[in-house]
Amino acid sequence: MNHGILSLHIFFTGGSYMKAGGLFAFLGSGLPLITTLRGYRLAWLGKDSIAGLSACIVSIPSVIAYAELVHLPAITGLYAALAAAIGYALFSSSRHVIAGPDAAIGLLAGSAILPLSGGDPARIVVLAAVLSILSGIVLLLAARLKLGVIADLLSRPVLIGYLNGASLVLIATQLGKMFGIKTEGEEFFQIVYTVFEKLSETHLATFFFGVLLIALLVGLARWLPRVPGALAVCAVAITATFILDLGSYGIALVGEVPSGFPLLTIPAVRWADLAALAPAAVAIAFLAFSDGILLAQTFAEKNGYEVRPNRELVSLGSANILAGLWQGFPVSASQSRTSIVDSAGGKTQLAQVILALGLLLFLFFLTGLVALLPKVALGAILIVTAIGMLEVASLKGLYKIDRVEAGIALGVTAAILLAGVVPGIILGLLLSLIMVLVGVSRPRDAVLRRLRSDGKFHDCLEDEEAESVPGLLVYRLYAPLIFANARHVMTRVRTLVDEAVPPVKWLVIDAQAIHDMDVTAAQRFVELHRELSDEGVEVKIADAPRPFREELAKVGLSEEIGGADFYVSVKQATQDFERQIAAANEKPGSAPA
């Protein structure tokens, strides 16, 4: 294992494993792979071997295509896949997830790197490595701070918008390969305009060969879904090159690819590069972990075990750092390769180790085959991949459920097409946070009514037979009471009291859902309580959880309200109110309450 990764892991996990009994305890608890091997059953080896080799064979053409997506040499895709397999397998709590280059992550990385590179191929390699290491460090920092919940910040509408936008940009970036022309820029409309402008320069042999390959990919997916389409297309394209000498017809080939083990290299870092790449690194970390933890949890649930979110942060961070040190680019979890491992009956992380061994064999003995691969084949693979990423059906479903959220998804897509992938994903994250804040600042609430069937108070539907108790207002808030919503909630209660007919004598607050309250909200509640008391409205609190009562005590309101004004339930408070009204009506000479 790389000593740099080991040292970083010890630091970012707090070194607890070393304190717990030396190196053996660290290896046993800190590296899930070691724990797996200690309890490994020989009967699993066959399935893990088949699963790992299957994923390896399928991944080779894909990772080469993803390297082209970042404008990197084809070999860097293999380096990144090898590093991801080793770094992820060592630390992951998932037994099935396969890490490696990914289309969405590659597109995001490329859109951040290319504007800084000035078109210099050597600088692109350095920037890709720096971005990968930086993304890994962000993931490890998140693990150190136990921020496994950060994945929840990427809401479903934002993710749909991102995938649609990224898919369209990905298709646009491959049009140059399909038409055999050189495109300009990396933004969607700029590329499309360039292709339209140079359409007359289309290289017909490249175009028709690319169309045939796309048709082959689509046909295999439709009629022979078990056949790995990318592998079949690459095999057909390499065979055609060998037999027909496609290069002599002007069809561009990948060209010579070096063989052997990747060299461990620390990229030369500029402070200006770090500042420029930081937003993309954060966006990649968010996206990689969001996809990774969802994939890990899905397959863990299917196979009856649990994954640890913070452990997945460590494994993805380690995979990205090692990919950067081995001249690769940012990586993530791969749904297609993970599905292959699961369908082949893979049992443990050893399948990913076998995948890494397969990649090593390819790097040492078979890279000559890649030299014969037409670039249009990689473009065809990426275009079909992008079409598969489109979330059109999800967008339609979202529109039927909530048009506002569908609008957010379309807004993120538009931002990616207009401003680029990195600004688009950052906008998506901001929109997710804004949606959370809006939801907190305008929480749902209800005026409870008593059902005639059981006499209990509920948030009743319109068709339910329920009644209100004259002079009694029962209010329920479905949220914590904090600074962001305190003014809105107090104004809402004030309005309900003012508009009630007949006038309110008791305001009963059903506090069972108010599991938290900060100082700002408590002070506003004190102000409302005093206003209503001065007007003769008694404020009662029912079913108050402990944090709510503790905050009232801090601002001195629990003493002012008094223990008699706290009730264990709304029903008990209502009974006291009705007894008080009945007693008042029974007094000689008193007017009916």
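Helices (H or I, at least four residues) and strands (E, at least two) are DSSP runs, numbered from the N terminus, and the views below use these labels for a predicted model.

**Figure 1. Overview of the protein chain in the predicted model.** The secondary structure of the chain comes to 27 helices and 10 strands, and its C-alpha atoms fill a box of roughly 110 × 65 × 50 Å along the principal axes. Of the 593 residues, 52% are buried, while the area that the chain exposes comes to about 27,400 Å², with 62% of it supplied by carbon and sulfur atoms. Among contacts with a separation of 6 or more, 79% are between residues 24 or more positions apart. The chain carries 44 positive and 48 negative side chains, and the centres of these two sets lie 6 Å apart.

**Figure 2. The open sheet of 5 strands and its edges.** The strands follow the order E3-E7-E8-E9-E10, and their pairing is mixed. Strand E3 (445-447) and strand E10 (566-567) form the edges; each has a single partner strand, so one side of each is left without a neighbour in the sheet. Strands of a sheet pair through backbone hydrogen bonds, in either a parallel or an antiparallel manner. At the E10 edge, strand E9 (residues 538-542) runs parallel to E10 and is joined to it by 2 bridges, with Ile-541 opposite Phe-566 of E10.

**Figure 3. Strand E8 and its pairing with strand E7.** Strand E8 (residues 506-510) is largely enclosed by the rest of the structure, because 5 of its 5 residues are buried. In a regular strand the side chains alternate between the two faces of the sheet. For E8 both faces are covered, with buried Trp-506, Val-508 and Asp-510 on one side and buried Leu-507 and Ile-509 on the other. Strand E7 (residues 472-477) runs parallel to E8, to which it is joined by 5 bridges, and in this pairing Tyr-475 stands opposite Ile-509 of E8.

**Figure 4. The cis peptide bond between Val-501 and Pro-502.** Omega of the bond that joins these two residues is about -5°. Pro-502 belongs to the loop between helix H23 (486-499) and strand E8, the strand whose residues 506-510 are shown in the preceding view. As a rule, most peptide bonds are trans, and most residues other than glycine have a negative phi.

**Figure 5. Two residues with positive phi, His-71 and Asp-543.** His-71, which is not a glycine, has a phi near 65° and is found in the loop between helix H5 (45-69) and helix H6 (74-91). Its relative accessible area is 40%, so His-71 is partly exposed, a class that lies between the buried limit of under 20% and the exposed limit of over 50%. Asp-543 also has a positive phi, of about 55°, although this residue is not a glycine. Its place is in the loop between strand E9 and helix H25 (546-554), and with a relative accessible area of 32% Asp-543 too is partly exposed.

**Figure 6. The surroundings of Thr-348, a buried residue in a loop.** Thr-348 is placed between helix H16 (335-343) and helix H17 (350-365), and it counts as buried because its relative accessible area is 3%, with under 20% as the cut-off. Apart from its neighbours within four places in sequence, Thr-348 is in contact with Thr-36, Tyr-40, Trp-44, Asp-48 and Arg-95. With one of these residues, Asp-48, Thr-348 shares a polar contact of 2.8 Å between side chains.

**Figure 7. Leu-263, an exposed residue, and Leu-159, a buried one.** Leu-263 is placed in the loop between helix H13 (229-244) and helix H14 (271-303), and since its relative accessibility is 62% it counts as exposed. Not counting residues up to four places away in sequence, Leu-263 touches Leu-325, Trp-326 and Gln-327. From Leu-263 to Ser-339 there are 76 residues in sequence and 31 Å in space, C-alpha to C-alpha. Leu-159, by contrast, is found in helix H9 (residues 156-173) and counts as buried, because its relative accessibility is 13%. Leu-159 and Thr-265 are 106 residues apart in sequence, and their C-alpha atoms are 34 Å apart.

Note on methods
Residues are numbered from 1 along each chain as its sequence is written. This is a predicted model: local features need pLDDT of at least 70, side-chain atom pairs count only at pLDDT 80 or more; totals for chains, interfaces and linings use all residues. Side-chain values use heavy atoms; hydrogens and water are left out. Buried means under 20% relative accessible area, exposed over 50%, partly exposed in between (1.4 Å probe, protein chains only). A polar contact is a pair of N or O atoms within 3.5 Å; within protein, one must be able to donate a hydrogen and the other to accept it, and residues adjacent in sequence count only if both atoms are side-chain atoms. Contact means heavy atoms within 4.5 Å. Accessible areas come from the Shrake-Rupley method with a 1.4 Å probe; for residues, only the protein chains shown count as cover. Lys and Arg count as positive and Asp and Glu as negative; His and the chain ends are not counted. The place of a charge is taken as NZ of Lys, CZ of Arg, CG of Asp or CD of Glu. Two strands pair if DSSP finds at least two bridges between them.
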